[in-house]
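Subject: Structure for your review

Dear colleague,

Please find below the structure that I am handing over to you. My notes on what was found follow it.

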Amino acid sequence: MGVGIEVSDLNAWYGSNHTLKDIQLNIPANHATALIGPSGCGKSTFVRCLNRMHETNPSARVTGKVLINDIDIYAEASPVEIRRRVGMVFQRPNPFPTMSIYDNVASGLKLNGFRSRRVLDEVVERSLRQSALWDEVKDDLKKKSGASLSGGQQQRLCIARALAVDPEVLLMDEPASALDPVSTAKIEDLIFELKSQYTIVIVTHNMQQAARVAENTGFFLMGKLVEFDSTHKIFTNPRDKRTEDYITGRFG
Amino acid sequence: MATQSLRQPLRASKVNIHTRRIKSGIVSGLAVLATIIVIAPLVAILLYLLKQGVTSLNWDFFTKIPVPAGESGGGMENAIVGSGVVLALASLIGIPLGIGAGIYLAEYAGSTRMGNLVRFTADVLNGVPSIVMGIAIYALIVLPQKHFSAFAGGVVLGVMMVPTVTRTTEEMLRMVPHAIREAALGLGVPAWRSVLTITVRTASAGIVTGCMLAFARVAGETAPLLFTAFGNAFQSTSLNEPIAALPLQIFVYAVSPYDEWHRLAWAGALVLIVLIIASVALVRYVVSRGTLKGAS
């Protein structure tokens with residue numbers, strides 16, 4: 001089951017660059033939430049704050065509170081624990097190139113000490129079925145490298161890899177921006193399937209995508225969360241003039 | 001006045017096609033020539049060694065130890081085994097130290113003061129003449145122990161492997177894309193584990209090449225062994241005793257006044273080169289067998 005995320009007074013910096021300013025946001029459990037906004041508005045930084053990936057950059061700094069399932073991730077948990085519970089899919093597919101398809105999916109569990117063959121076999125199959133890749137790769141699981149797949153398959157492999165550790169939240173940072181329309185449609189179908197079991201936060205530049213997959217949408221601009229509401233409301237009757245300008249293509 | 005067009009009329013390029021072909025031919029010709037010049041010495045050395053050495057190669061060469069001067073027969077069994085012992089010890093010292101230092105430089109030190117110091121030290125160490133290395137280990141190990149030993153020989157060759165292994169490991173790790181590291185961290189893998197299993201594994205082909213380069217380089221070293229392993233006319237595998245090594249044996253035989261020994265020296269040189277090539281090829285084969293279809 002997914003869990004909710006409550007963000008309050010979140011500020012983030014890269015060096016002296018103040019990239020996120022006083023973000024307040026409640027992300028409901030078991031829903032897909034889309035984040036839109038022009039490049040450089042802070043939406044990627046925001047999702048990277050939700051699994052403490054932001055702080056892996058040496059110049060990065062964060063203040064504020066992020067509660068995931070009522071646990072303050074910056075005060076009450078280690079980054080390693082948090083990242084096991086909050087999976088992430090990146091903009092460019094990044095399978096481990098020297099590992100087989102099987103090992104890619106199993107990597108999260110293996111690297112955290114799971115060894116049982118039977119359990120791993122089960123998890124790999126389940127995760128690849130969830131990411132709709134099983135039928136395409138089941139014959140080459142241990143023969144082919146993750147890097148030998150097509151771009152769209154690699155991204156679904158990365159989703160399977162993230163799902164294999166059984167997270168509660170799945171963060172997706174423009175997961176389809178490097179993919180063709182067919183692969184994009186597959187990823188979107190997947191998001192639809194997955195939100196019954198996970199809380200999904202997806203960053204996207206594609207507003208139709210936000211409208212298709214997400215119940216709620218947040219609009220970021222220059223480090224601030226301008227508006228957050230149901231996707232329907234944002235796209236038909238936004239409260240803020242800047243949101244309206246952006247979604248109608250008048251700037252950005 | 002309108003700007004002058006930089007486009008050439010289509011016909012002009014047709015006139016030029018001849019000179020272009022000639023230029024292209026010259027450049028490819030030069031590239032082929034350079035390749036031949038690079039390969040020629042290696043082929044020449046191998047052929048000459050084969051011609052001089054192959055006649056003295058027989059079963060005895062691999063199974064017998066040297067006989068006293070004047071007698072005929074004998075082989076280099078002790079030197080082949082000795083080189084194996086010394087190089088195994090050198091690899092045990094040089095490869096883990098070098099890879100460890102390379103990981104430190106690439107993953108932890110970056111361009112901090114300590115990192116630059118280690119990098120500078122490795123580069124200087126790489127430039128130290130091998131005979132100086134030999135003297136240093138002689139002073140540090142042989143003198144206090146009051147005897148030559150296989151151990152001292154392994155240490156000196158191991159130390160000589162470190163800088164090459166360190167710098168290639170660092171370069172190869174730096175080439176691993178940032179996205180791969182992020183993928184590992186994003187799975188909740190602790191940083192140290194992600195470095196050891198994901199980053200190093202991704203760079204493993206390059207790291208192995210670096211280790212093999214270092215190995216091949218020290219396998220033929222003679223000078224540092226003169227003061228350390230010293231050489232031994234008899235069979236020994238003890239780390240605490242002087243030990244024979246192929247380069248040492250070749251040196252002793254080559255400067256001797258006996259024709260029979262000269263022939264054995266040629267055979268030894270041939271065996272040394274073949275063993276180096278064979279061990280490098282074997283490691284490469286073992287590593288490539290572990291690689292998967294489509295792995296980059």
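A residue is called buried here if 20 or more other C-beta atoms lie within 10 Å of its own. Please bear in mind throughout that this is a predicted model.

By that definition, 23 of the 25 residues of α6(B) are buried, so this helix is largely enclosed by the rest of the structure. Helix α6 of chain B covers residues 150-174. Its 25 residues, at 1.5 Å a residue, should span 36 Å, and the end C-alpha atoms are indeed 36 Å apart, so the two values agree. There is nevertheless a bend of about 25 degrees in α6(B) at Val162(B), and a proline, Pro163(B), follows within four residues.

In chain A, I would draw your attention to strand β8, residues 199-203, of which five of five residues are buried. On one side of β8(A) are Thr199(A), Val201(A) and Val203(A), and on the other are Ile200(A) and Ile202(A); all are buried, and both faces are thus covered. Which strands are joined to β8(A) by bridges? Strand β3 of chain A, residues 32-36, runs parallel to β8(A) and is joined to it by four bridges; in this pairing Ala34(A) has Ile202(A) as its bridge partner. Strand β7 of chain A, residues 169-173, is also parallel to β8(A), with five bridges between them, and Val169(A) is partnered there by Thr199(A). Together with helix α7 of chain A, residues 181-194, the strands β7(A) and β8(A) make a right-handed β-α-β unit.

Two residues deserve a note on their backbone angles. Most residues other than glycine have a negative phi. Arg52(A), however, has a positive phi, near 60 degrees. Arg52(A) is located in the loop between α1 (43-50) and β4 (60-68) of chain A, and it counts as buried because 21 C-beta neighbours are inside 10 Å. Phe230(B), which is not a glycine either, has a positive phi of about 70 degrees. Its place is the loop between α10 (223-226) and α11 (246-254) of chain B. Phe230(B) has 21 C-beta neighbours inside 10 Å and therefore counts as buried.

Finally, the two chains touch: 21 residues of chain B are in contact with 25 residues of chain A. On the chain B side, α7 (178-186) and α8 (191-202) each supply at least two residues, and α7(B) gives the most, with six. The residues of that side comprise ten nonpolar, seven polar and four charged.

Yours sincerely,
A colleague

Conventions: Residues numbered from 1 in each chain as written. Chains lettered and ligands numbered in written order. Predicted model: local features only at pLDDT ≥ 70, side-chain atom pairs only at ≥ 80, totals over all residues. Contact = placed C-beta atoms within 7 Å. Nonpolar A, V, L, I, M, F, W, Y, C, P; charged D, E, K, R; others polar. Expected span 1.5 Å × (residues − 1). Bend = angle between axes of the 7 residues up to and from the residue. Buried ≥ 20, exposed ≤ 12 C-beta atoms within 10 Å, placed from the backbone. Pairing = 2+ DSSP bridges. Right-handed = clockwise from strand over helix to strand, strands pointing away.
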